[in-house]
Amino acid sequence: MFRRILIANRGEIALRVMRACKELDIETVAVYSDADRDQLHLRLADETVCIGPAPSVDSYLNIPALIAAAEIADVEAVHPGYGFLSENAHFVEVCQSCDITFIGPSAETIALVGDKVAARDLAKRANVAGVPGSDGPVETEAEAAEVARAIGYPVLIKAAAGGGGRGMRVATDDESLVTGFHSARAEAETAFKNPTVYIEKYVERPRHVEIQILADKHGNVVHLGERDCSLQRRHQKLLEESPCPVLDEATRNAMGEAAVRLAREANYHSAGTVEFILDQEGNFYFIEVNARIQVEHPVTEEVTGVDLIQEMIRVAAGEPLRIRQEDIQPSGHAIEFRINAEDPDHNFRPSPGRIETLIPPAGPGVRWDSHAYQGYSVPPHYDSMVAKLIVHRATRQEAILAARRALHEMTIEGIATTAPLFEKVLQHSDFINGEIDTSFVERYFAK
Ligand code: MV4
């Protein structure tokens, strides 16, 4: 096992990784930008290193600064958390060349699944259904028209280097196909320096269901069930739950097995997520792989009892997986709420600033993953998440009651947060009945 790890992140995930390291008796090195001198996890670290000024490009994305910190602090491994350098194949290669273990998948796997056209092909080889669409990239207007004719409108034009919803265009006829094709390419070129696009049948009002996987470096792969992440706004997830309220056992098993086949085909090791969309008829289609630990991992931890961060660290150190598929027996229902410093009454505008009062919720079935404390100032430079509230109860109905109770107990003063939105969501009959899709928030709570 590692003696010492550098945590290349900030906020709640840096604290979460720190907690896993402490329980594994691993020393920690925390890094911080000039804007983050008051981060909670710094107080718990064995060593702290400033890696640069506030802007992410100068600090948390600054590979030379991170590598210098890792060398000076003499760590054996780096945990990237999520975001920042977590899916940067080049960073993984640099770590490798410096003899530092990157706690995540290999550079090759990250590069492979980061190319969505290659990932579609990978799914096909693994006998996992993708959304009907183009065979590889679409290079010309004529080729786009040919694919659209074959699958029928509406279609979705997607960037090969995209993900998370950037560079996508819906086309409903030949005319919008031509304009969409060119604008998607232009946006992809600007955003990713890669204009390559591909086309899929557009699945209307899908649910977003993803499978958590865990794989070691010896060929063992397990899945830990699904998370339903349909409740989102503009591709930002707001609430995630497990199990998915509408999935039957046969579909759940088929999805889990598909994710494992795909992970094997990708030579995947570490924790990862295989994303699917579920159409109104209950058919599921692969859309992408997230080659990192995700924000919503605690939902899976609560229902499976597996500490995903600890397992990630163990498999990175070369240990074989300690759990087999039959050991994973999910129990109860978990829901996560992302408490962001955003004002839901004013189009979710950012609300950084000082937290004057903070009373976190607690009690039975309540987990609070947060780096926030009373007097902490949310800096304007990074993402706006200040806490994750996770409830875990025997049934979905009881989890909803616990969540209402916990949100009622919680007090955050000084900044606006997404908490009032969740109080409304938890009273909405569609949510209570589990009838949500990716347009729920825009439909009912657009301001
Ligand atoms: C889709 C889709 C409908 N049809 N693909 C959005 C981000 C990226 N991960 C894939 N996304 C979608 N792909 C086809 N063929 C709808 C979405 C989508 C979506 C997916 C997951 C979660 C939220 C979403 C919100 C809008 C659209």
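Biologist: Which atom of the ligand does a polar side-chain atom of E200 reach at 2.9 Å?
Modeller: The partner of E200 is a nitrogen atom of the ligand, at 2.9 Å. A polar contact here is a pair of N or O atoms within 3.5 Å; within protein, one must be able to donate a hydrogen and the other to accept it, and residues adjacent in sequence count only if both atoms are side-chain atoms. Please note that this is a predicted model: local features need pLDDT of at least 70, side-chain atom pairs count only at pLDDT 80 or more, and totals for chains, interfaces and linings use all residues. Residues are numbered from 1 along each chain as its sequence is written, and side-chain values use heavy atoms, with hydrogens and water left out.

Biologist: And K201, how far is its backbone from the ligand?
Modeller: A backbone N or O atom of K201 is 2.7 Å from a nitrogen atom of the ligand. For K158, a polar side-chain atom is 2.9 Å from a ligand nitrogen.

Biologist: How much of the ligand does the protein bury?
Modeller: The protein buries 91% of the 520 Å² that the ligand exposes when taken alone. These accessible areas come from the Shrake-Rupley method with a 1.4 Å probe; for residues, only the protein chains shown count as cover.

Biologist: Which elements give two or more residues to the shell?
Modeller: They are strand 6 (155-159), strand 8 (197-201), strand 12 (270-278) and strand 13 (284-290). Helices (H or I, at least four residues) and strands (E, at least two) are DSSP runs, numbered from the N terminus.

Biologist: How many residues surround the ligand?
Modeller: There are 18, and the closest are K158, E200, K201, V203 and H208. A residue counts if one of its heavy atoms lies within 4 Å of the ligand.

Biologist: Which domains supply the shell?
Modeller: Domain 2 (132-201) and domain 3 (207-445) each give at least three residues. The chain also has domain 1 (4-103), whose C-alpha centre lies 37 Å from that of domain 2. The bounds come from an automatic or database domain assignment.

Biologist: Changing topic, which residues of helix 6 are buried?
Modeller: In helix 6 (residues 141-151), the buried residues are A144, V147 and A148. They share one side of the helix, because they cover an arc of only 100° around the axis. That arc is taken from the directions from the helix axis to the C-beta atoms. On the other side, A142, E146, R149 and A150 are exposed. Buried means under 20% relative accessible area, exposed over 50%, and partly exposed in between (1.4 Å probe, protein chains only).

Biologist: What about the peptide bond from Y153 to P154, cis or trans?
Modeller: That bond is cis, with omega near -5°. P154 sits in the loop between helix 6 and strand 6. S242 and P243 are also joined by a cis peptide bond, with omega about 0°. P243 is in the loop between strand 11 (236-242) and helix 8 (249-265).

Biologist: Is phi of D74 positive or negative?
Modeller: Phi of D74, a residue other than glycine, is positive, near 60°. D74 is in the loop between helix 2 (63-73) and strand 4 (77-79), and its relative accessibility of 47% is why D74 counts as partly exposed.

Biologist: Lastly, which backbone oxygen lies 2.9 Å from a side-chain polar atom of H392?
Modeller: It is the backbone oxygen of S331. The side chain of H392 also reaches the backbone oxygen of E302, at 3.4 Å. H392 itself belongs to strand 21 (residues 385-393).
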